[in-house]
Amino acid sequence: MFHQLAPSAISDRWQEMSVSLDAATDIKLWVIVLCVLESYLSYALRAIKESKQRLEQERGSVKLWRIHASLERYRGKRSETSKVYDMAVSIDPQSSSLPLLTADAVEYYWFSGEEPKGRQLLAQFLGVNPSLGGINLLRAKKELDSRVSMYEVFSSQWEACFRLRFFLELGSGTLQDALRIADLELSSVPAASSVHESLTTWLCLTLFNLAQSKGMIIPPAILAEHTSFAMKQYPNNTIILGLFLESERGQGIWGRVRGLLDETENPTLILSQSISRIAWEVWAEGWSHGPWQSERVRAKLEKATGTRQAALSTAK
Amino acid sequence: MALFQAQIELSHFCPPSLAGLSLASRLDHLEEFWDAEVPRVGEDGAKGWCTWHTERKAVEEHFMHQPSGVPSIDDPYQQWCFLEKALDQVGVFPSRSFNEDEIDPYSTILFSDVRPFLSDVRTDAAKEYLRLAFISFLGMNIPGISETRVLEEFSDNYLNFENGWMHSGRGGWVANPSILFPPSSEDRLVTWESHSGVTIALETPKRSGFGPVKEWTTARSYLEGSGIACEGRAWEAADVTGVDASVVR
């Protein structure tokens with residue numbers, strides 16, 4: 001399917017999906033082998049091998065290097081991932097995929113606790129001194145504004161610049177400064193659009209990953225506040241829902257999670273829920289805190305089935 | 001499956017010389033391709049309607065694999081269940097008239113069966129949506145696709161109603177529903193114990209808040225995950241359970 005339809009598929013996403021499928025099916029095999037042999041084996045070898053073969057044909061393709069770096073990240077090979085990122089950011093300064101690659105690399109180093117490396121790449125992308133202070137910072141911001149103006153508004157390159165701006169502010173100031181700028185820029189994106197959802201998800205996830213990384217203390221209230229706001233806007237987004245659960249972990253307040261799942265407090269909840277949200281709630285019932293209550297889940301599923309059938313009948 | 005194959009051949013592999021014709025005329029030409037019973041999109045060796053129209057080459061009879069045989073199961077319901085599951089794996093494509101399946105004679109799909117449901121898909125957005133709908137139909141989860149609306153331009157056809165293509169996919173449900181429920185062994189877990197008369201709750205197992213259900217905006221990359229090692233991507237090992245990856249690939 002992927003191979004046969006590739007010539008007519010114009011979006012970059014098609015190649016990412018193909019590689020993602022390779023990695024997913026490959027890891028099944030290697031998990032089994034790992035259990036049997038009880039030895040260390042690399043995951044997604046086939047996907048990596050095919051990626052290398054594609055790169056041999058197109059060594060100058062920043063897009064393909066970006067995909068390859070993602071595969072190495074998935075394998076957990078930090079040294080290989082770093083090598084790929086360090087090399088790929090210098091291949092083609094004019095490549096339209098460079099902002100995305102740079103944003104990925106900066107994020108990777110920041111989350112790995114290698115902030116200086118992330119700053120260095122960011123400075124390299126903007127063509128300024130890595131110190132990111134004083135006059136250099138002003139030059140960096142001006143250069144980033146200039147880059148943003150080159151790209152179509154709300155394109156993937158524009159999104160990458162949004163992410164880079166966040167790390168630029170974070171690297172030169174405080175988290176609150178970075179969030180203030182990010183929230184301001186996000187307010188210029190049409191609400192409920194796919195770009196707005198993508199950036200909102202990214203921002204919440206970045207806060208979470210920064211909190212998980214070494215040396216970065218994120219006040220729990222900041223993540224909780226952003227996540228709660230995002231949940232209201234995008235109630236079916238399972239990443240945001242997962243972040244909500246993570247932010248509630250250890251709080252000892254099961255009521256907030258119960259309240260989210262309890263349709264008696266939100267009678268219209270089921271009507272507005274997608275199938276995936278219902279599936280997520282069934283899973284969340286067994287996530288934590290106390291024995292799993294099968295009757296609650298059964299009642300929820302019965303109600304969801306009946307309500308959706310009635311809604312579809314009315315619509316027809 | 002036949003409907004998707006016909007729709008994709010029509011929208012993605014239409015010969016350029018026929019592209020300007022009316023839908024009815026194009027369907028007449030597509031019927032010739034369909035009746036030639038050469039490999040169609042998704043099948044091994046498929047080259048597309050456009051190539052066939054140009055070359056008009058006869059190909060070897062394309063044998064569709066069918067279940068090798070019914071095992072000796074006494075229970076008729078279990079036997080039926082086995083056959084149905086086996087057909088899901090090997091009988092995913094329609095059979096041909098020259099190797100019609102004796103077990104399921106209706107597995108050969110005539111063009112007249114699918115013709116009323118074919119639409120004129122022209123825009124890039126609609127074609128992209130069709131491709132994703134097909135992948136969803138093959139069992140892959142496409143996060144966000146059920147919320148996408150790209151068919152407003154088609155006012156009166158079957159496929160515009162409630163995103164008809166998406167009803168054929170999983171629609172957000174998981175490949176293996178059993179993973180939504182905690183393992184039965186956890187029901188028997190002791191949740192508290194007493195030490196010197198003091199009741200102490202046991203530490204509950206730490207599970208990630210990112211579960212098996214994956215639904216988010218279509219703008220998100222398929223290589224992006226929730227963690228630094230890209231874990232929690234749209235497609236991981238558990239997400240391809242029961243999917244014939246060779247067909248999707």
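## Exercises on a predicted two-chain model

B:Cys230 is buried, with a relative accessible area of 5%. The structure is a predicted model, and the exercises below begin from this cysteine.

**Exercise 1.** Find out how many disulfides the structure holds over all chains, and explain why the sulfur of B:Cys230 forms no bond with the closest cysteine sulfur.

*Solution.* Begin with the total, which is 0 disulfides over all chains. A:Cys204, accordingly, is in no disulfide, and the nearest cysteine sulfur to its own is that of B:Cys230, 19 Å away. Next, recall the cut-off, since a disulfide requires a pair of cysteine sulfur atoms within 2.5 Å. The sulfur of B:Cys230 lies 19 Å from that of A:Cys204, and because this is too far for a bond, the two cysteines remain unpaired. Finally, consider the surroundings of the partner residue: A:Cys204 is buried, with a relative accessible area of 2%.

**Exercise 2.** Describe helix H6 of chain B, stating what distance it reaches from its first C-alpha to its last and which of its residues are buried.

*Solution.* First take the length: H6(B) covers residues 124–137, which makes 14 residues, and it reaches 20 Å from the first C-alpha to the last, close to the 20 Å expected at 1.5 Å a residue. Then turn to burial, where 10 of the 14 residues are buried, so the helix is largely enclosed by the rest of the structure. Among these buried residues are B:Leu130, B:Leu132, B:Phe134 and B:Ile135, but B:Glu128 and B:Arg131 also belong to the list. Lastly, look beyond the end of the helix, where B:Gly139 follows with a positive phi, near 110°.

**Exercise 3.** Work out where B:Ser97 lies in chain B, and decide whether this residue is buried, exposed or partly exposed.

*Solution.* Start with the position, which is in the loop between helix H4 (76–90) and helix H5 (111–114) of chain B. With a relative accessible area of 47%, B:Ser97 counts as partly exposed, because that class runs between 20% and 50%. As a further step, examine the contacts: leaving aside neighbours within four places in sequence, B:Ser97 touches B:Glu37 and B:Thr108. By way of distance, the C-alpha atoms of B:Ser97 and B:Val121, which are 24 residues apart along the chain, are separated by 29 Å.

**Exercise 4.** Determine at roughly what angle helices H6 and H9 of chain A cross, and which residues meet there.

*Solution.* Identify the two helices first, namely H6(A), residues 98–111, and H9(A), residues 156–172, whose axes come within 8 Å and cross at roughly 35°. The crossing is left-handed. From the H6(A) side, the residues that take part include A:Leu100, A:Val106, A:Trp110 and A:Phe111, while those of H9(A) include A:Leu164, A:Phe167 and A:Leu170.

**Exercise 5.** Set out the secondary structure and burial of chain A and of chain B.

*Solution.* Take chain A first, which has 17 helices and 0 strands, and in which 53% of the 316 residues count as buried. Chain B has 7 helices and 2 strands, arranged from the N terminus on as α-α-α-α-α-α-β-β-α, and 45% of its 249 residues are buried. To complete the picture, add the surfaces: chain A exposes about 14,500 Å², with 55% supplied by carbon and sulfur atoms, and chain B has about 12,900 Å² of accessible surface, of which 54% belongs to carbon and sulfur atoms.

Notes
Residues numbered from 1 in each chain as written. Chains lettered and ligands numbered in written order. Predicted model: local features only at pLDDT ≥ 70, side-chain atom pairs only at ≥ 80, totals over all residues. Heavy atoms only, no water. Buried < 20%, exposed > 50% of the residue type's maximum accessible area, 1.4 Å probe, protein only. Helix = DSSP H or I, 4+ residues; strand = E, 2+ residues; numbered from the N terminus. Expected span 1.5 Å × (residues − 1). Areas by Shrake-Rupley, 256 points an atom, 1.4 Å probe, with all protein chains shown as cover. Axes fitted to C-alpha atoms, helices over the stretch in contact; angles between N-to-C directions. Left-handed = near helix turned anticlockwise from the far one by under 90°. Contact = heavy atoms within 4.5 Å.
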